[in-house]
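Reader: I'd like to learn how to read helices, burial and packing in a model like this one. Could you walk me through it?

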Amino acid sequence: MRGLLTIAHLTVHEARRRKILLAMLILGLAFLSLFATGFHFINKSLEAEKKMPPQQRRFVLSNAVLAGFYAVNFLMIMTAVLTPVDTVSGEIDSGVIQTLATKPIHRSEILLGKWLGFFIVLLMYLTLMIGGILLVVRIIGKFVPPNVGTGVSLMLLEGTLLLTLSIAGGTRLSTITNGVMVFGLYGLAFIGGWMEQIGTLVGNSTTRYIGILASLVVPSESLWQLAAYHMQPPLMRDLHLTPFSPASVPSHFMVIWAAAYTAVALGIALWQFQKRNL
């Protein structure tokens, strides 16, 4: 356990040394500044409409917040995939991992420590972005979206799943191949999720089942759809008033499947790393 925590600390320190954390902070603050500016003018326009019903104002603000969450979700996915994409393959090629492997520390502790370190980085990034959006909408619009805890937990699980796939791929593939593979899997999940939604809306069961099958192969998009479903007013989601209101709501079984999927991917990564020649 001590070796695992040491590797996790070194991983976070390396991210700071390579200015990854600094870039995330600067670009995150730039995103939040842009969002706050846009949200301010949206709220100002709504306040000018004296006859607008409170429920309609709530719908508009909720849609703006969900658009911000959607952007954060995509940025989180890029962070989850790109930050660890060369953590194994790149360090094997550079000889760094061989130095670690000669120390009195198990290979499993090396890999799990790196996974934990990048998970901490991902958690810090998601906390900054989601916390910033919630602070902006609370101060400017006096608005808080519903079920934020549930939605953010699902987004974090989505990021963790793709983070784990990126690390697992690095145990066998080159850095570029690994990045292409994980983004390709995410693309498969993304188009599958939309096929499921469109198939449900037009009543085409074949298209819907193809989308569900793609979501089972990689359940990342289903987690976002379920998160978006929870983080909007019930009337708004039930009437499908926005693109963020899923017509086909993923079941909670998909959350269990995604968690198990992540655990299995991590197990495969450990197994592959144990048997790989360094």
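Reader: Let's start with a single residue: is glutamine 225 buried or exposed?

Author: This is a predicted model, so take everything here as computed from it. To call burial, look at the relative accessible area: under 20% counts as buried. Glutamine 225 comes out at 5%, so it is buried. This residue lies in helix H10.

Reader: Which residues is glutamine 225 in contact with, leaving aside its neighbours within four places in sequence?

Author: Gln197, Pro246 and Pro250. Keep Gln197 in mind, as it is one of the buried residues of H8.

Reader: Then let's do H8. How do I check a helix's length, and what do I get here?

Author: Compare the end-to-end C-alpha distance with what 1.5 Å a residue would give. H8 has 28 residues and reaches 41 Å, close to the expected 40 Å.

Reader: Which residues of H8 are buried, and what do they pack against?

Author: There's a fair list: Asn178, Gly179, Val182, Tyr186, Ala189, Gly192, Gly193, Glu196, Gln197 and Gly199. Their packing partners are H3, H7, H9 and H10. Just after the helix, look at glycine 203: its phi is positive, near 75 degrees.

Reader: Can we zoom in on one of those glycines?

Author: Sure, take glycine 192 in H8. Its relative accessibility is 1%, so it counts as buried. Beyond its sequence neighbours within four places, glycine 192 is in contact with Gly211 and Ala214. Both of those are buried residues of H9. For a sense of scale, glycine 192 and glycine 28 are 164 residues apart in sequence, and their C-alpha atoms are 29 Å apart.

Reader: That brings us to H9. What span should its 13 residues have, and how far apart are its end C-alpha atoms?

Author: The check works as before. Helix H9 covers residues 205-217 and should span 18 Å at 1.5 Å a residue; its end C-alpha atoms are 18 Å apart, which agrees.

Reader: And how do I tell whether a helix has a buried face?

Author: List the buried residues, then look down the axis. In H9 they are Gly211, Ala214 and Ser215. Seen that way, they fall within an arc of 100 degrees, so they line one face of the helix. The other side of H9 has Thr206, Tyr209 and Leu213, which are exposed. As for what covers the buried residues, the list includes helix H8 (175-202), helix H10 (220-230) and helix H12 (253-275).

Reader: Which residue caps the N-terminal end of H9?

Author: Asparagine 204 does: one of its side-chain oxygens lies 3.1 Å from the backbone nitrogen of threonine 206.

Reader: What about a residue that is neither buried nor exposed?

Author: Leucine 216, also in H9, is a good case. Its relative accessibility is 30%, so it counts as partly exposed. Not counting neighbours within four places, leucine 216 is in contact with Met254, Trp257 and Tyr261.

Reader: Now helix packing. At what angle do H6 and H7 pack, and how far apart are their axes?

Author: You want the angle, the axis separation and the handedness. H6 and H7 pack at about 145 degrees, with their axes 10 Å apart, and the crossing is right-handed. Residues making the contact include Leu111, Trp115, Phe118 and Phe119 of H6, and Val148, Val152, Met155 and Gly159 of H7.

Reader: Does Met155 show up elsewhere, and which residues does asparagine 73 touch?

Author: Asparagine 73 touches Met155, Glu158 and Trp224, leaving out residues up to four places away in sequence. Asparagine 73 is found in helix H3 (residues 54-82) and is buried, with a relative accessible area of 2%.

Reader: Last one: where do I find positive phi in residues other than glycine?

Author: Scan the backbone angles, then see where each hit sits. Lysine 19 has a phi near 65 degrees and is found in the loop between helix H1 (2-17) and helix H2 (20-48). Lysine 19 is exposed, at 54% relative accessible area. Asparagine 147 has a positive phi of about 55 degrees and is found in the loop between helix H6 (107-141) and helix H7 (148-170). Asparagine 147 is partly exposed, at 41%.

Conventions
Residues numbered from 1 in each chain as written. Predicted model: local features only at pLDDT ≥ 70, side-chain atom pairs only at ≥ 80, totals over all residues. Heavy atoms only, no water. Helix = DSSP H or I, 4+ residues; strand = E, 2+ residues; numbered from the N terminus. Expected span 1.5 Å × (residues − 1). Buried < 20%, exposed > 50% of the residue type's maximum accessible area, 1.4 Å probe, protein only. Arc of directions from axis to C-beta. Contact = heavy atoms within 4.5 Å. Polar contact = N/O pair within 3.5 Å; in protein donor to acceptor, adjacent residues only side chain to side chain. Axes fitted to C-alpha atoms, helices over the stretch in contact; angles between N-to-C directions. Left-handed = near helix turned anticlockwise from the far one by under 90°.
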